[in-house]
8 protein chains.
Amino acid sequence: KRQGFPEFIFGEGKTPEQIMAIFEAMQKRGDDVVVTRVDKEKAAEILVKHPEVTYHETARILSWKAVDSQEKRTGYIAILCAGTSDLPVAEEAAVIAELLGSNVRRFYDVGVAGIHRLLDHAEEIQGATVSVVVAGMEGALASVVGGLVSHPVIAVPTSVGYGASFNGVSALLTMLNSCASGVSVVNIDNGFGGGYQAVLIDRLAGKGSD
Amino acid sequence: KRQGFPEFIFGEGKTPEQIMAIFEAMQKRGDDVVVTRVDKEKAAEILVKHPEVTYHETARILSWKAVDSQEKRTGYIAILCAGTSDLPVAEEAAVIAELLGSNVRRFYDVGVAGIHRLLDHAEEIQGATVSVVVAGMEGALASVVGGLVSHPVIAVPTSVGYGASFNGVSALLTMLNSCASGVSVVNIDNGFGGGYQAVLIDRLAGKGSD
Amino acid sequence: KRQGFPEFIFGEGKTPEQIMAIFEAMQKRGDDVVVTRVDKEKAAEILVKHPEVTYHETARILSWKAVDSQEKRTGYIAILCAGTSDLPVAEEAAVIAELLGSNVRRFYDVGVAGIHRLLDHAEEIQGATVSVVVAGMEGALASVVGGLVSHPVIAVPTSVGYGASFNGVSALLTMLNSCASGVSVVNIDNGFGGGYQAVLIDRLAGKGSD
Amino acid sequence: KRQGFPEFIFGEGKTPEQIMAIFEAMQKRGDDVVVTRVDKEKAAEILVKHPEVTYHETARILSWKAVDSQEKRTGYIAILCAGTSDLPVAEEAAVIAELLGSNVRRFYDVGVAGIHRLLDHAEEIQGATVSVVVAGMEGALASVVGGLVSHPVIAVPTSVGYGASFNGVSALLTMLNSCASGVSVVNIDNGFGGGYQAVLIDRLAGKGSD
Amino acid sequence: KRQGFPEFIFGEGKTPEQIMAIFEAMQKRGDDVVVTRVDKEKAAEILVKHPEVTYHETARILSWKAVDSQEKRTGYIAILCAGTSDLPVAEEAAVIAELLGSNVRRFYDVGVAGIHRLLDHAEEIQGATVSVVVAGMEGALASVVGGLVSHPVIAVPTSVGYGASFNGVSALLTMLNSCASGVSVVNIDNGFGGGYQAVLIDRLAGKGSD
Amino acid sequence: KRQGFPEFIFGEGKTPEQIMAIFEAMQKRGDDVVVTRVDKEKAAEILVKHPEVTYHETARILSWKAVDSQEKRTGYIAILCAGTSDLPVAEEAAVIAELLGSNVRRFYDVGVAGIHRLLDHAEEIQGATVSVVVAGMEGALASVVGGLVSHPVIAVPTSVGYGASFNGVSALLTMLNSCASGVSVVNIDNGFGGGYQAVLIDRLAGKGSD
Amino acid sequence: KRQGFPEFIFGEGKTPEQIMAIFEAMQKRGDDVVVTRVDKEKAAEILVKHPEVTYHETARILSWKAVDSQEKRTGYIAILCAGTSDLPVAEEAAVIAELLGSNVRRFYDVGVAGIHRLLDHAEEIQGATVSVVVAGMEGALASVVGGLVSHPVIAVPTSVGYGASFNGVSALLTMLNSCASGVSVVNIDNGFGGGYQAVLIDRLAGKGSD
Amino acid sequence: KRQGFPEFIFGEGKTPEQIMAIFEAMQKRGDDVVVTRVDKEKAAEILVKHPEVTYHETARILSWKAVDSQEKRTGYIAILCAGTSDLPVAEEAAVIAELLGSNVRRFYDVGVAGIHRLLDHAEEIQGATVSVVVAGMEGALASVVGGLVSHPVIAVPTSVGYGASFNGVSALLTMLNSCASGVSVVNIDNGFGGGYQAVLIDRLAGKGSD
Ligand SMILES: Nc1ncnc2c1ncn2[C@@H]1O[C@H](COP(=O)(O)O)[C@@H](O)[C@H]1O
Ligand SMILES: Nc1ncnc2c1ncn2[C@@H]1O[C@H](COP(=O)(O)O)[C@@H](O)[C@H]1O
Ligand SMILES: Nc1ncnc2c1ncn2[C@@H]1O[C@H](COP(=O)(O)O)[C@@H](O)[C@H]1O
Ligand SMILES: Nc1ncnc2c1ncn2[C@@H]1O[C@H](COP(=O)(O)O)[C@@H](O)[C@H]1O
Ligand SMILES: [Mg+2]
Ligand SMILES: [Mg+2]
Ligand SMILES: [Mg+2]
Ligand SMILES: [Mg+2]
Ligand SMILES: [Mg+2]
Ligand SMILES: [Mg+2]
Ligand SMILES: [Mg+2]
Ligand SMILES: [Mg+2]
């Protein structure tokens with residue numbers, strides 16, 4: 001556990017009982033808790049016993065306290081995706097970032113097949129400290145954003161698509177091969193990791209090194 | 001051999017002697033000839049004995065006659081790529097299209113990392129009957145162009161790149177997963193195939209079906 | 001959205017409620033709507049509330065209006081496959097093409113293991129403006145058709161098969177490596193994309209470029 | 001070593017000296033010898049010292065005696081391929097079969113892109129005891145032949161092609177997924193194995209089991 | 001349909017109703033019928049309406065007549081596998097072979113980890129006209145058998161195993177790379193194809209080519 | 001080109017003449033220039049004509065001016081690798097970072113097989129604003145460092161290794177699957193990309209966002 | 001069956017009835033029995049009829065007698081993993097080792113992201129005769145342990161993870177590429193194989209060879 | 001460096017000068033040295049300056065002192081392979097084992113296609129403390145040996161083969177999927193790793209744990 005950070009629990013493959021057990025142990029220790037990958041049904045079961053918990057439905061995240069006690073920063077993280085199917089991963093990144101005390105601005109209808117919707121927001125995106133680009137299928141959005149902004153871009157490939165998308169491999173390769181500089185990549189569907197890395201970078205911006 | 005088309009020979013892996021032998025046989029039969037994938041050294045050897053032949057250096061193509069006898073069309077094929085390394089494949093497509101009697105307009109510095117250079121030409125590209133998009137590394141250009149134009153796009157992935165570009169597989173997958181409709185794909189580095197398919201489509205535009 | 005075209009919705013992974021919500025929003029805007037990948041059960045639920053909608057069962061498509069207002073063309077698109085298992089993808093292509101105003105002729109029992117059934121229709125297939133070849137397993141049909149006709153062929157690999165068919169990868173590779181020229185390829189099981197690209201080409205034939 | 005068969009040596013990666021050493025040892029033991037994968041330069045060096053040896057250039061085979069002493073059969077093996085680039089593998093199969101005493105008929109210009117050239121020979125091919133189909137790129141020939149004949153087909157994928165042919169993987173998968181029954185497959189470029197298996201089958205035809 | 005052979009139907013993915021419809025159509029035409037990949041539940045439903053049909057449970061095959069009318073041959077096909085998990089594929093091959101009129105001898109407990117059980121049967125296996133070797137996991141049995149016998153071996157990889165067996169890919173590669181000559185391979189889990197190819201070879205032995 | 005940054009040229013696959021031509025064009029425009037992937041031989045040829053250029057041998061980089069004009073920061077980037085074979089990639093990252101004005105501290109003998117050498121430097125590494133971890137073979141170093149530090153880690157897989165390292169794929173997958181949070185990844189052997197992304201992050205630390 | 005060892009049965013894919021049948025046959029022969037991969041539900045059904053059997057829940061193993069009759073050794077096997085998700089595989093290894101008569105010490109919270117928890121146990125781990133390292137995701141633990149100890153390490157990759165973990169392939173490759181010497185690897189999720197190999201080595205330590 | 005062991009240097013990709021520099025540094029420190037992957041030409045250059053060094057040609061190893069000072073053991077390691085092409089890897093394992101003080105017995109003509117040659121040595125192989133099985137192509141030898149012996153087997157896949165051997169992947173998968181227990185695997189062509197792991201095990205046998 002990083003200091004000043006909540007405990008993170010990976011909820012997938014754990015039963016509601018297992019999650020509550022870990023949860024309660026941590027509450028006892030006085031730790032804030034964030035559980036990722038909790039579907040609606042599991043969350044409902046848990047909320048009955050733990051009404052003090054917050055459930056972020058699209059992000060599939062359960063949190064208890066976990067809002068950073070630090071004073072709010074004026075900088076913000078831009079989180080971008082193309083639409084409906086990538087939303088759960090984008091929201092996982094966004095909610096993680098907010099729970100760790102960063103400001104987030106969402107740009108959620110900016111797929112490359114409609115490049116003008118992206119360009120309409122170019123200035124606001126460029127104003128961020130760091131961007132998180134979430135994209136499935138061909139994953140081209142990361143390169144286009146990388147070319148538009150001069151801050152670091154964290155690319156999160158998603159398993160959205162079918163056939164030759166190979167469950168996110170196509171988007172992953174696109175992002176690793178980005179012709180734009182300043183793009184680094186996390187695992188397929190790892191909204192948590194994308195949001196977390198963005199927060200580390202955003203905090204640096206808040207602190208300064210010298 | 002398609003009627004009204006020259007004979008096409010795949011020059012890679014053939015010696016200058018083998019190429020000339022096939023060549024001479026076809027000249028005897030009165031056929032026009034186009035040889036692809038002929039490097040500079042081989043071409044030089046052949047030109048000594050066959051000064052009547054034309055060598056297109058960047059495209060690596062040798063041609064003899066082969067310009068379509070049809071009257072020139074007013075429509076044109078747009079051929080796009082991002083720059084230096086994709087040029088040989090883009091030129092292979094362009095020269096094939098010209099040798100088969102189509103008009104070609106080249107847009108060769110329009111990579112997605114500098115989206116505005118592409119958008120500057122949007123209208124002229126949209127005016128084409130068909131676009132051929134040549135791209136390596138992450139291959140994102142095909143999706144962006146597919147979103148800009150309403151005519152068919154033929155995407156040609158190239159083996160340009162290193163590491164996780166896997167010799168063109170990354171660009172190929174990107175293109176097959178294009179979120180823009182109206183994009184179909186040919187083999188990695190197959191500039192010939194991209195140019196040829198574009199000509200078939202461009203000719204339809206010239207003929208009309210009803 | 002392309003002008004004069006309906007809105008396309010990808011129905012897979014959406015609930016009947018989500019589909020109807022999008023649907024109703026578009027009806028309000030006066031847009032025609034086409035929803036792909038809707039299975040029988042979902043369609044039934046939707047039809048109860050929206051009896052004005054048409055369900056194309058094998059194609060798994062729901063449509064509302066969407067027949068192109070343009071006068072009908074005399075040209076036609078040929079859609080070919082080998083039989084039973086590829087039918088849903090072939091019909092997806094065929095229904096999309098018809099909904100966009102093209103004429104379609106179906107050749108649905110022409111697998112390469114019985115080459116004569118294909119050859120019996122050679123002339124009628126060659127008469128089309130463009131062919132869509134749908135094939136799984138070894139996907140060899142695209143090459144054979146590519147060799148028979150002189151118009152563009154759009155190849156659609158399907159995930160039909162088992163073992164080393166690798167969910168359509170085998171057919172995809174076959175088609176990308178076609179020894180016949182004039183064959184370009186869309187994603188595995190992408191009947192929608194194959195039909196759409198064919199319509200763009202068929203319309204060119206109707207318009208002429210010069 | 002199978003009884004009545006020569007010794008087979010895999011020449012690739014062996015020096016002329018190593019090949020001659022093995023060779024001479026076997027001659028001493030009175031064994032016939034066949035060395036595969038011997039390129040022209042190596043063969044030349046060996047022939048200087050062993051003029052009694054025969055070199056089959058396209059097949060890249062060196063043989064010494066090795067023609068089966070059995071009386072010649074009336075049946076024959078059909079060996080098919082599409083042309084120039086597959087010739088070395090097809091000839092490897094053909095020469096092995098002849099050296100083991102089978103009759104061979106060659107059909108070497110019968111690619112699926114020109115299906116009629118294949119069909120012109122359909123009857124003579126069907127008359128064989130077994131067919132060996134050698135094909136690279138998309139490898140579709142095996143399925144088409146499998147559909148035409150009622151005897152066993154041995155398919156030999158070759159590494160001919162580029163890009164998504166993946167050094168023969170595309171052709172290999174095509175052949176393993178053949179929709180025609182009665183097709184079995186050997187390793188990529190394994191003309192030796194295809195010819196050998198065909199001989200075992202052809203000999204059965206000569207013997208009868210009951 | 002091959003002359004003198006029943007119609008083969010691939011039952012997987014078809015409903016009992018669809019199977020019975022095809023079935024009845026063929027019975028009307030007077031054709032024998034064999035349906036593969038029919039699980040126990042589907043078979044039970046069909047048998048209620050068609051008690052004249054035979055169900056081969058382990059082989060998952062439904063057959064109606066289909067025993068070759070030819071006089072029985074004295075030769076036999078050897079079918080080998082290592083045990084429990086490969087049985088359905090081995091039986092698919094065996095039942096197909098028997099339905100097509102061949103004699104079959106089964107060797108079903110001969111995995112390479114207990115080499116002596118295999119060697120105990122070496123002579124009887126060598127006496128066959130052709131062997132079908134069915135194996136999953138590492139698939140090594142095909143090479144060992146290929147080394148023991150002098151007739152053709154048809155290798156059938158199965159998807160048995162977990163982890164790095166990659167659903168049969170490991171066994172498939174092993175068999176394609178067999179260091180024993182006279183081994184050719186069919187698709188993963190393709191017991192039908194293995195049995196069918198063996199019958200074509202076994203019939204040759206029965207006929208003789210000269 | 002990012003403002004205040006030099007022009008970057010990818011030197012691989014370009015002749016000394018091509019590099020010098022680009023180079024001279026940029027000097028004329030007054031741009032600083034950095035050329036990556038220039039081997040010793042090429043560099044020697046260029047230095048003869050351009051003695052004003054600096055060659056960084058291990059990093060394989062040619063630079064001309066390009067040291068950022070900003071006042072030096074007090075923060076630093078940690079660059080880590082395991083030894084000899086990864087040095088060229090690590091140095092590519094380090095030199096890029098220095099040329100762009102960042103301070104760099106090198107930790108070049110800290111492979112996971114000798115974990116104590118790494119731990120000896122834990123405090124100094126943790127003091128950096130960002131770490132670049134360069135590793136081939138199993139690439140485990142990124143996870144271990146990710147667990148030790150609370151700043152962002154940029155992981156650069158290298159193609160060092162043989163056999164199942166698959167030219168860097170093994171290290172790439174390891175890094176993408178890092179169990180430590182705060183690790184993002186660039187392309188195989190992309191020392192340039194790793195250094196560049198680290199600089200963007202290090203500059204943020206220098207600036208602060210609020 | 002190895003002498004002095006129980007019979008091992010792979011329970012996955014077998015019904016409780018099939019397992020009990022094999023079980024009873026072996027009891028009759030007087031053999032000890034160990035069944036792996038038996039989930040809780042199956043185990044419950046079997047225990048009703050066979051209360052004499054022991055079920056090891058996390059390890060998913062059913063055993064009957066099978067504790068080695070040899071006098072207990074003083075040496076021990078170290079079994080290591082990072083936590084929750086790898087436990088079933090680690091316990092499979094541990095229980096197998098104990099059933100075969102070895103002493104086992106478990107180190108189950110020693111992931112590389114918290115290197116100090118591992119180092120706290122370094123001496124006790126080094127004291128073992130052999131270590132079994134169980135790890136999913138990036139699998140880096142095997143290399144770190146390999147560097148710490150001077151006895152043989154058996155690495156067991158697990159399918160734990162998502163996205164680019166590719167069901168254990170990432171961990172498998174990491175382990176095969178270990179930069180530490182003295183690490184050998186078994187199949188993904190093969191806790192049984194890891195435990196078994198460790199016992200063979202631990203017994204050697206007990207016996208001595210000279 | 002393990003205590004009592006020489007320093008190991010990986011010679012591939014290092015120049016003779018670099019090797020000699022490391023070498024001399026270690027000699028100065030009084031360390032024994034073993035350099036692997038040194039080809040004949042490099043070795044010759046080094047031997048001119050360092051005649052005190054021993055070159056093991058087939059194993060491609062240079063050694064200086066490095067024979068373990070411990071008294072010789074009576075146990076032995078069995079090293080097995082099928083022949084010519086696997087020899088360099090087998091010898092790498094054998095020489096490493098001997099340099100580390102183990103006794104080695106070589107069984108170098110025991111491929112599975114000639115199972116009887118292997119069985120002729122079964123007793124002597126079973127007498128070893130541990131076996132190292134080196135095999136390329138289909139790699140089946142490891143399973144067969146694993147079934148014959150009751151001691152640990154270390155399997156070393158080699159890159160020998162062509163086509164679908166995929167540079168050793170086929171053999172690697174075979175070995176990981178071994179149906180025989182007691183087989184663990186090292187990287188492709190890693191004779192060094194196989195020999196080293198065998199020595200660790202053989203030494204245990206010499207020591208005993210209790
Ligand atoms: N959605 C997620 N994706 C990747 N890693 C996660 C995710 N959620 C939590 N984690 C990580 O998983 C660890 C907890 O795993 P576990 O012990 O299995 O609950 C945390 O320390 C996080 O670093
Ligand atoms: N079957 C299909 N396959 C691929 N793309 C489709 C399909 N159906 C619709 N689409 C595309 O998906 C887009 C709508 O996606 P969505 O917003 O997720 O409903 C449309 O604009 C179409 O371009
Ligand atoms: N071109 C070939 N492809 C595959 N196997 C071959 C080939 N030529 C010879 N062989 C086999 O390789 C064995 C000899 O290999 P070697 O001992 O390396 O010369 C022979 O017994 C044949 O079975
Ligand atoms: N043939 C080999 N294969 C794999 N690893 C080796 C080999 N030879 C030496 N090594 C390892 O490589 C390390 C030395 O690598 P290097 O510092 O690059 O010379 C040694 O400590 C050995 O563990
Ligand atoms: Mg940028
Ligand atoms: Mg478009
Ligand atoms: Mg054509
Ligand atoms: Mg046939
Ligand atoms: Mg044999
Ligand atoms: Mg960290
Ligand atoms: Mg160690
Ligand atoms: Mg054993």
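This report walks through a predicted model, moving from one strand of chain D to the way the chains are arranged and then to the salt bridges.

## A strand with cover on both sides

Let us begin inside chain D, with strand S8(D), which spans residues 153–157. Of its 5 residues, 5 are buried, so the strand is largely enclosed by the rest of the structure. In general, side chains in a regular strand alternate between the two faces of the sheet. In S8(D), one side carries Val153(D), Ala155(D) and Pro157(D), while Ile154(D) and Val156(D) sit on the other. Both faces are covered, and each of these residues is buried.

What does S8(D) pair with? One partner is strand S7(D), residues 130–135, which runs parallel to S8(D) and is joined to it over 5 bridges. Within this pairing, Val132(D) stands opposite Ile154(D). To get from S7(D) to S8(D), the chain passes through helix H6(D), residues 141–148, in a right-handed β-α-β crossover.

Another partner is strand S9(D), residues 183–185, which also pairs with S8(D) in the parallel sense, here over 3 bridges. Ile154(D) turns up again, standing opposite Ser184(D) of S9(D). The connection uses helix H7(D), residues 169–176, and S8(D), H7(D) and S9(D) together make a right-handed β-α-β unit.

If you would like one residue to hold on to while viewing this region, Ile154(D) is a handy choice. It faces Val132(D) in one pairing and Ser184(D) in the other, and its side of the strand is buried.

## A glutamine in helix H1(D)

Still in chain D, Gln27(D) belongs to helix H1(D), which covers residues 16–29. Is Gln27(D) buried or exposed? Its relative accessibility is 19%, and the cut-off for buried is under 20%, so Gln27(D) counts as buried. Setting aside neighbours within four places in sequence, Gln27(D) is in contact with His50(D), Glu52(D) and Trp64(D).

## How the chains are arranged

Now for the chains as whole units. Two copies of a chain are related by a rotation about an axis and a shift along it.

Take chains B and D. Chain B is superposed on chain D by a rotation of 90 degrees with 0.1 Å of shift along the axis, at an RMSD of 0.0 Å. This is the relation of a four-fold axis. Which C-alpha of chain B is nearest the axis? It is that of Phe166(B), 7.6 Å from the axis.

Chains B and D also touch, with 9 residues of chain B in contact with 5 residues of chain D. The size of an interface is often given as the accessible area lost when the parts come together. For chain B and chain D, that buried area is about 540 Å², with 65% of it on carbon and sulfur atoms. The count of salt bridges between these two chains is 0.

Chains A and F show another relation. A rotation of 180 degrees with 0.0 Å of shift along its axis places chain A on chain F, with an RMSD of 0.0 Å. That is the relation of a two-fold axis. Of the interface residues of chain A, 97% are also interface residues in chain F, so the copies meet through the same surface.

Some pairs of chains have no contact. Chain E and chain F are one such pair, with their closest C-alpha atoms 13 Å apart. Chain B and chain G are another, and their closest C-alpha atoms also lie 13 Å apart.

## Salt bridges

Over all chains, the whole structure holds 72 salt bridges. The table lists some of them, with N to O distances.

| Acidic residue | Basic residue | Distance (N to O) |
|---|---|---|
| Glu7(C) | Arg29(C) | 3.4 Å |
| Asp109(F) | Arg117(F) | 3.4 Å |
| Glu98(G) | Arg106(G) | 3.0 Å |

The pair in chain C links distant parts of the chain: Glu7(C) is in strand S1(C), residues 7–10, and Arg29(C) is in helix H1(C), residues 16–29, with their positions 22 residues apart. Glu7(C) is buried at a relative accessible area of 15%, whereas Arg29(C) is exposed at 54%.

In chain F, Asp109(F) is partly exposed at 43% relative accessibility, and Arg117(F) is partly exposed at 41%. In chain G, Glu98(G) is partly exposed at 30%, as is Arg106(G) at 34%.

Finally, in chain A, a network of salt bridges links Glu7(A), Arg29(A) and Asp31(A).

Terms used: Residues numbered from 1 in each chain as written. Chains lettered and ligands numbered in written order. Predicted model: local features only at pLDDT ≥ 70, side-chain atom pairs only at ≥ 80, totals over all residues. Heavy atoms only, no water. Buried < 20%, exposed > 50% of the residue type's maximum accessible area, 1.4 Å probe, protein only. Helix = DSSP H or I, 4+ residues; strand = E, 2+ residues; numbered from the N terminus. Pairing = 2+ DSSP bridges. Right-handed = clockwise from strand over helix to strand, strands pointing away. Least-squares fit on C-alpha atoms with pLDDT ≥ 70 in both. Contact = heavy atoms within 4.5 Å. Buried area = accessible area lost by both parts, 1.4 Å probe. Salt bridge = Lys/Arg side-chain N within 4 Å of Asp/Glu carboxyl O.
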